[in-house]
Each structure stands twice: as structure tokens, then as C-alpha cells.
Amino acid sequence: MDDQHDLFRPRGLHGVDHRIVSALRACGSDPRVAGAARALSWAGEHGAVWVAAGLAGAVVDRPRRGAWLRGTALTAGAHAASSVVKRVVRRPRPAHVEPLVGTVGRHSFPSSHATSAAAAAVAFGALGARAVPPLAAAVCVSRLVAGVHYPSDVAAGAALGALTARLGARWMTGGTA
């Protein structure tokens with residue numbers, strides 16, 4: 001790359017964020033990858049897949065119905081918390097790549113998809129739902145492939161979601177908060 005072009009290239013963490021999202025968004029040029037990213041992004045919108053999973057767990061696992069419902073509430077609460085943080089931080093979404101999906105809002109930090117995914121992975125993983133953590137990871141990666149989040153957005157969202165679920169773990173399993 002020439003010196004003139006390097007003047008316009010972001011540096012530091014912001015530069016790393018840009019380069020990673022550019023590389024992963026390029027993976028979305030494969031129609032199969034793009035289709036998977038779109039489907040995962042759609043499923044994770046407003047934490048819908050996790051609410052559905054929690055409600056299904058409550059129906060199927062009647063002895064632990066309360067834990068499943070509280071885990072679902074923790075996941076929804078984590079999602080709501082990320083929306084509040086997003087309105088405070090107001091970081092714009094990546095503008096240097098063409099997104100594969102539309103978004104509800106124009107702010108990206110933290111990723112609400114990643115927040116609810118990580119909360120569900122922790123909460124439902126504690127209840128033995130082994131399929132949730134890998135699906136949660138796939139939802140997180142889909143936001144990068146879709147070009148609508150920076151890696152730091154996803155990492156912050158995942159940390160917020162995991163922390164929220166971890167802090168509510170005793171309440172979820174029937175202990176005191």
C-alpha cells in the first residue's frame with residue numbers, strides 16, 4: 001500500500017476493527033455464507049431466537065420451568081441493557097463495507113445480538129442446552145460477516161450478556177439474587 005493511501009487508513013484498535021470487519025464481510029461474497037449470516041442475523045433480532053429457546057425449554061423441561069423462564073428474562077434484560085448502552089455511546093455502524101442486512105438502528109456499540117446471544121449461552125448452557133453456545137457464537141460472527149458491527153462491538157456485547165447472565169445465575173436457578 002502506498003504512503004498516501006496509508007494516511008486515510010484507521011490505526012490502533014479502530015484500524016484493527018476496520019480490517020477484521022472488512023475481511024469477514026468479504027466472506028459474505030459467497031452466497032452460502034451470506035445466506036447463513038442473514039438467517040442468523042434475522043433469528044437473533046431482538047433476541048427472538050433466545051426467547052423462543054427459553055420458552056421451548058420451559059415447555060419441555062417442566063421440572064425446571066421456572067429456571068428456563070428466569071433465564072429467558074435474564075436474556076431479555078441483557079438485550080434491553082445493551083440498547084440503553086447503545087443510546088449512550090452512539091457509535092456509528094461500519095460505513096466502509098456494504099451491509100448484508102438492514103438494521104433497526106444506526107448505532108453499533110455494543111452489539112445487542114451478541115449481548116442476548118452470550119446471555120442465552122450462559123443462562124441456557126447452565127441448564128444443559130449444549131446447542132446454545134455454538135449457535136450463540138454463530139450469531140455473533142454473523143454480525144461481522146453481515147458488516148453491521150465491528151469486532152469490539154461484538155466483544156463488548158458478549159461480555160455484557162455473559163456478565164448479566166452470570167450475575168443473575170443464582171436467581172435463575174431459584175436462589176436469591
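Which helices do the buried residues of α5 pack against? Select α4 (48-60), α6, α8 and α9 (169-172) to see them: these are the partners of the buried residues of α5. Before going further, note that this is a predicted model.

**Confidence**

Colour the chain by pLDDT. The mean for the protein is 86, and 90% of the residues reach 70 or more. Then select residues 1-7, where pLDDT stays under 50. For residues 1-7 the model has 3 contacts beyond four places in sequence.

**Helix α5**

Select residues 65-89, which form α5. The helix has 25 residues, and its first and last C-alpha atoms lie 36 Å apart, close to the 36 Å expected at 1.5 Å a residue. Show the side chains of the buried positions, which are Ala67, Trp68, Gly71, Thr72, Leu74, Thr75, Ala78, His79, Ser82 and Lys86. As a guide to the spacing of such positions, an α-helix has 3.6 residues a turn, so residues three or four places apart point the same way.

**The largest pocket**

Next, display the largest pocket, with a volume of about 340 Å³. Its lining has 17 residues, and the closest to the pocket centre are Ser83, Lys86, Val104, Gly105 and Ser112. Lys86 thus appears both here and among the buried residues of α5. α5 and α6 (112-126) each supply at least two lining residues, and α5 gives the most, with 4 residues. Colour the lining by class: 1 residue is nonpolar, 9 are polar and 7 are charged.

**The loop between α5 and α6**

Start at arginine 90, just after α5 and in the loop that leads from α5 to α6. Arginine 90 has a positive phi of about 60° although it is not a glycine. At 46% relative accessibility, arginine 90 counts as partly exposed, because that class runs from 20% to 50%.

Move along the same loop to phenylalanine 109 and proline 110. The peptide bond joining phenylalanine 109 to proline 110 is cis, with omega near -5°. For comparison, most residues other than glycine have a negative phi, and most peptide bonds are trans.

What does phenylalanine 109 touch, leaving out residues up to four places away in sequence? Its contacts are Val85, Lys86, Val89, Arg91, Ser152, Asp153 and Ala156. With a relative accessible area of 22%, phenylalanine 109 is partly exposed, since buried means under 20%. To check a distance, pick the C-alpha atoms of phenylalanine 109 and tryptophan 42: these residues are 67 apart along the chain, and the two atoms are separated by 18 Å.

**Helix α8**

Ser152 and Asp153, which phenylalanine 109 touches, are also buried residues of α8. Select residues 151-167 to show all of α8. Its 17 residues should span 24 Å at 1.5 Å a residue, and the end C-alpha atoms are 24 Å apart, so the two values agree. The buried residues of α8 are Pro151, Ser152, Asp153, Val154, Gly157, Gly161 and Ala165.

**Histidine 46**

Last, go to the loop between α3 (31-44) and α4, where histidine 46 is placed. Is histidine 46 buried or exposed? It counts as exposed, because its relative accessibility is 52% and the class begins over 50%. Its phi is positive, about 55°, although histidine 46 is not a glycine.

Conventions:
Residues numbered from 1 in each chain as written. Predicted model: local features only at pLDDT ≥ 70, side-chain atom pairs only at ≥ 80, totals over all residues. Heavy atoms only, no water. Expected span 1.5 Å × (residues − 1). Buried < 20%, exposed > 50% of the residue type's maximum accessible area, 1.4 Å probe, protein only. 1 Å grid on protein atoms, 1.4 Å probe; cavity = no way out; pocket = protein on both sides within 12 Å on 5 of 7 lines; lining within 4 Å. Points joined across faces, edges and corners; volume = space filled by probe spheres on them. Nonpolar A, V, L, I, M, F, W, Y, C, P; charged D, E, K, R; others polar. pLDDT = per-residue confidence, 0-100. Contact = heavy atoms within 4.5 Å.
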